[in-house]
Amino acid sequence: MEEITTDQALARIAAGARLYDVREQTEWDEVHAPQAILLPLSEFADRWTEIAPDDQPAIVVCHSGMRSARAVQALEQQGVPAVSLAGGMVAWEAQGGPVVRTGSPDA
């Protein structure tokens, strides 16, 4: 399973890759990347087909990297190319990735 850094993820997103957040709704509501698509791991078995393959692997993020690793492994078993964001949203935010917070003008 491949892991990428926030900088690598931002570059891939700028080039058209999709970012999928597998945290739960309450976590998403607190803080999330503005370009992320919410796909909670609790719904993943029923919804993984919503991840549309394109020319780049899907980028999967969670809080710290554990759930995204499980999601990436499940996708790879289905033949869907995917990578995990190393360190999850904790690393994303610490490394300057853009975020939306509840109560912010963008929320």
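Which residue in strand 6 stands opposite Ile59? In this predicted model, the partner of Ile59 is Val83. The two strands involved, strand 5 and strand 6 (residues 82–85), pair in the parallel sense over three bridges. To get from strand 5 to strand 6, the chain passes through helix 4 (residues 66–77), and this β-α-β crossover is right-handed.

Let's stay with strand 5, which spans residues 58–61. Its side chains alternate: Ala58 and Val60 point one way, while Ile59 and Val61 point the other way. Which of these four are buried, and which exposed? All of them are buried. Strand 5 has another partner in strand 2 (residues 19–21), again in the parallel sense and over three bridges. Here Asp21 stands opposite Val61.

Now turn to helix 1, which covers residues 6–14. Its buried residues are Thr6, Ala9 and Ile13. Why do they line one face of the helix? Looking down the axis of helix 1, you will find the buried residues within an arc of 60°, so they share one face. The spacing helps here: an α-helix has 3.6 residues a turn, so residues three or four places apart point the same way. On the other side of helix 1 you will find Asp7 and Ala14, both exposed.

What covers the buried residues of helix 1? The cover includes strand 5 and strand 6, along with strand 1 (3–4), strand 2 and helix 5 (88–94). If you follow the chain just past the end of helix 1, you come to Gly16, which takes a positive phi of about 110°.

Technical notes:
Residues numbered from 1 in each chain as written. Predicted model: local features only at pLDDT ≥ 70, side-chain atom pairs only at ≥ 80, totals over all residues. Heavy atoms only, no water. Buried < 20%, exposed > 50% of the residue type's maximum accessible area, 1.4 Å probe, protein only. Pairing = 2+ DSSP bridges. Right-handed = clockwise from strand over helix to strand, strands pointing away. Arc of directions from axis to C-beta. Contact = heavy atoms within 4.5 Å.
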